[in-house]
Structure formats: C-alpha cells, structure tokens
Amino acid sequence: MEKLLDVENVSISFIQYVQGLNQRDLKVITDLTLDVSEGEILAILGSSGSGKSLLAHAIFGILPENANLNGKIKYKGKELSQEDKEELRGDEIALIPQSVNFLDPLMKISDQAIGKTESKEEKKEKKAKQREIFERYNLGPEVDDMYPFQLSGGMARRVLVSTALLSSPQLVVADEPTPGLDEKTVKETLNHFKQMKEDGVGVLLITHDIHAALEIADRIGIFYSGYVIEIAENKDFSGNGENLLHP
Ligand SMILES: Nc1ncnc2c1ncn2[C@@H]1O[C@H](COP(=O)(O)OP(=O)(O)O)[C@@H](O)[C@H]1O
Ligand SMILES: [Mg+2]
C-alpha cells in the first residue's frame, strides 16, 4: 500500500507576549513523526488541549496566524508548501472538522457541500454526486435546503462526513468525530471510517476516545504533552500492555 501522509519532526509553537514586549515561545507539539498509508486507519489519541486539532490544521494549512510550524508534512512523498496544501485541500485530502461551526450558518447545506462550480453542467454533476453520497449517509432530500442550525447533532456529523467525501479524497483527517453523539450514531460514524478504509482511503483519526480507536484503527499513536510517546499496532494494546513500551 502506498504511503499517503508523512509528518516528519513537526513542531508547532505560539509566540506569547508576556509583560509588554517580552516574547516567549510556547511549544504545543514537539518533534512529531507519523505516517498514514492507503487503506489504513491511524488513530492519534490525546487528551483535550494536547494539540490534536493543531496537527490537523497544520496538515491543511489552516493554522492560526500566530502559530509557528517547523518540520515537514509530505503527501505521496512530496513536501507540501502552503500553496500545495490549499490546492489539495477539499480535493485529494479532506478534513472532517471537529466542530459543526465549520459550516457556514448562512448557507444551505447542499450549496456549501457542493462549493464553487465553474459551469451549469459541473453544478448538475456535483449536485447528483452530493445527493448520492448524502443518501448513503441517510440524509434525505429535505436536508439539502436546510441551514446548519436546523440539523440535529447526528445529522450534522453525517453532513460533515459526507461533505468531506464529495471530492473522493484519498486521505481523510477526522478531528474528534465522535464526542457528544449517542451510542448508535458513534457506531454508525465508526462504520463510515471502516468503509473508507475498505475503499482504500487513508484515515487519520484524531480522538480522545480509546474505545473508538481500538475498534477501528490499525495502529494507534499516543499523544502526550505534545509528544507522541508511542505508535503501536492495535493488537499490542491488549492484555496488560506487555507489548507496549509505555503501558
Ligand atoms: N491561536 C492560538 N494561540 C495560542 N495558543 C493556542 C492557539 N490555538 C490553540 N492554542 C493552544 O494549543 C493547545 C492545543 O490546542 P488544540 O490543538 O486545539 O488541542 P486539542 O488536542 O484539544 O484539539 C491548547 O492548549 C491551546 O490553548
Ligand atoms: Mg481539538
């Protein structure tokens, strides 16, 4: 299986101003290395505030202005510049954002899923594909004309997942896709990731839900205070962790 994503020695820090003009470099992620291949689910487990969303945003080139990014992020072996990230984003690589706030509150669901189109034909084509994928995720035609505030939590989650899949991405980064969902919706969401994997998509699943990670991931990385302390095969997390470096 071809390697899709390489994160090599990535560090992310923020410049903090303390007492007037004194600056301080606040490191959030230190020397992070990981990779994701086709048809693989890599879960990164970390507690709240450990830098999980920043990692996702670094891959997509949407870090906040005051963030410093060091290290390399590669896609299919090629180091990505900011322009490359913008080009790939929403095309070959897709982000399933942590928050439904990523949806535009003033735009109908179907319109924002389809995005900008060049021609009438293209719009028609994309609309048909959108309907087909939404249908697969149990989102009926009535959803198309809704605004984000009209969606339930589970529907919103399915909208984010199906919108990400519209461009037929090869790599999907999902930022905490399960919190706040009922058990049935969690199961459903995890099944969606299994399906993506079976379709050959590489998935980076960012989560603080160890059960979700154990259920679907091939490998699991533990993120602790900005360091990945270990990435191991799913099966090594069994028993008392005797196969782990840091049980
Ligand atoms: N724009 C910013 N300026 C300064 N610190 C930030 C900024 N954005 C995030 N942080 C800090 O980076 C840390 C990691 O944030 P985040 O990646 O959102 O964590 P999580 O693992 O919960 O997704 C947090 O402690 C947060 O305070
Ligand atoms: Mg987060």
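Ligand 1 is surrounded by F14, V28, S47, S48, G49, S50, G51, K52, S53, L54, P64 and N66. The model is a predicted one, and all values below are computed from it.

**Ligand 1 and the magnesium ion**

Three backbone contacts to oxygen atoms of ligand 1 are listed here.

| Residue | Protein atom | Ligand 1 atom | Distance |
|---|---|---|---|
| G49 | polar backbone atom | oxygen | 2.7 Å |
| G51 | backbone N or O | oxygen | 3.0 Å |
| L54 | backbone N or O | oxygen | 2.9 Å |

S53, one of the residues around ligand 1, also serves the metal: the protein donors of the magnesium ion (ligand 2) are OG of S53 and OE1 of Q98, at 2.1 to 2.3 Å. S53 belongs to helix α1 (residues 52-60) while Q98 sits in the loop between β6 and α3, so the two donors tie together parts of the chain that are 45 residues apart in sequence. Q98 has a relative accessibility of 35% and therefore counts as partly exposed, since that class lies between the cut-offs of 20% and 50%.

The loop that carries Q98 also holds N101, which is placed between β6 and α3. With 71% relative accessibility, N101 counts as exposed. The C-alpha atom of N101 is 9.9 Å from that of F149, a residue 48 positions away along the chain.

**Pockets**

The largest pocket encloses about 850 Å³ of space. Its lining consists of 25 residues, and those nearest the pocket centre are G90, Q112, A113, G115 and T163. Four elements each give two or more residues to this lining: strand β6 (93-96) and helices α3 (109-114), α4 (120-136) and α5 (153-165). Sorted by class, the lining of the largest pocket holds 14 nonpolar, five polar and six charged residues.

The second largest pocket has a volume of about 170 Å³. Its lining is made up of K129, I133, R136, Y137, L165, S168, P169, M196, D199 and V201. Helix α4 is the main contributor here, giving three residues to the lining. By class, the second largest pocket is lined by six nonpolar residues, one polar residue and three charged residues. Helix α4 thus appears in both descriptions: among the elements that give two or more residues to the largest pocket, and as the element that gives the most to the second largest.

**Positive phi outside glycine**

Which loop holds K76, and what is its backbone angle? K76 lies between β4 (67-75) and β5 (78-79), and its phi is positive, at about 50°, although the residue is not a glycine. The relative accessible area of K76 is 33%, so this residue is partly exposed.

N138 is another residue other than glycine with a positive phi, near 65°. N138 is placed in the loop between α4 and α5. Is N138 buried or exposed? At 60% relative accessibility, N138 counts as exposed, because the cut-off for that class is over 50%.

**Summary of sites**

The magnesium ion has S53 and Q98 as its protein donors, and S53 is also among the residues around ligand 1. The loop between β6 and α3 contains Q98 and N101. Of the pockets described, the largest has about 850 Å³ of space and the second largest about 170 Å³.

Key: Residues numbered from 1 in each chain as written. Chains lettered and ligands numbered in written order. Predicted model: local features only at pLDDT ≥ 70, side-chain atom pairs only at ≥ 80, totals over all residues. Heavy atoms only, no water. 1 Å grid on protein atoms, 1.4 Å probe; cavity = no way out; pocket = protein on both sides within 12 Å on 5 of 7 lines; lining within 4 Å. Points joined across faces, edges and corners; volume = space filled by probe spheres on them. Nonpolar A, V, L, I, M, F, W, Y, C, P; charged D, E, K, R; others polar. Donors = N, O, S within 2.8 Å, 3.2 Å for Na, K, Ca; no water. Buried < 20%, exposed > 50% of the residue type's maximum accessible area, 1.4 Å probe, protein only. Near = heavy atom within 4 Å. Polar contact = N/O pair within 3.5 Å; in protein donor to acceptor, adjacent residues only side chain to side chain.
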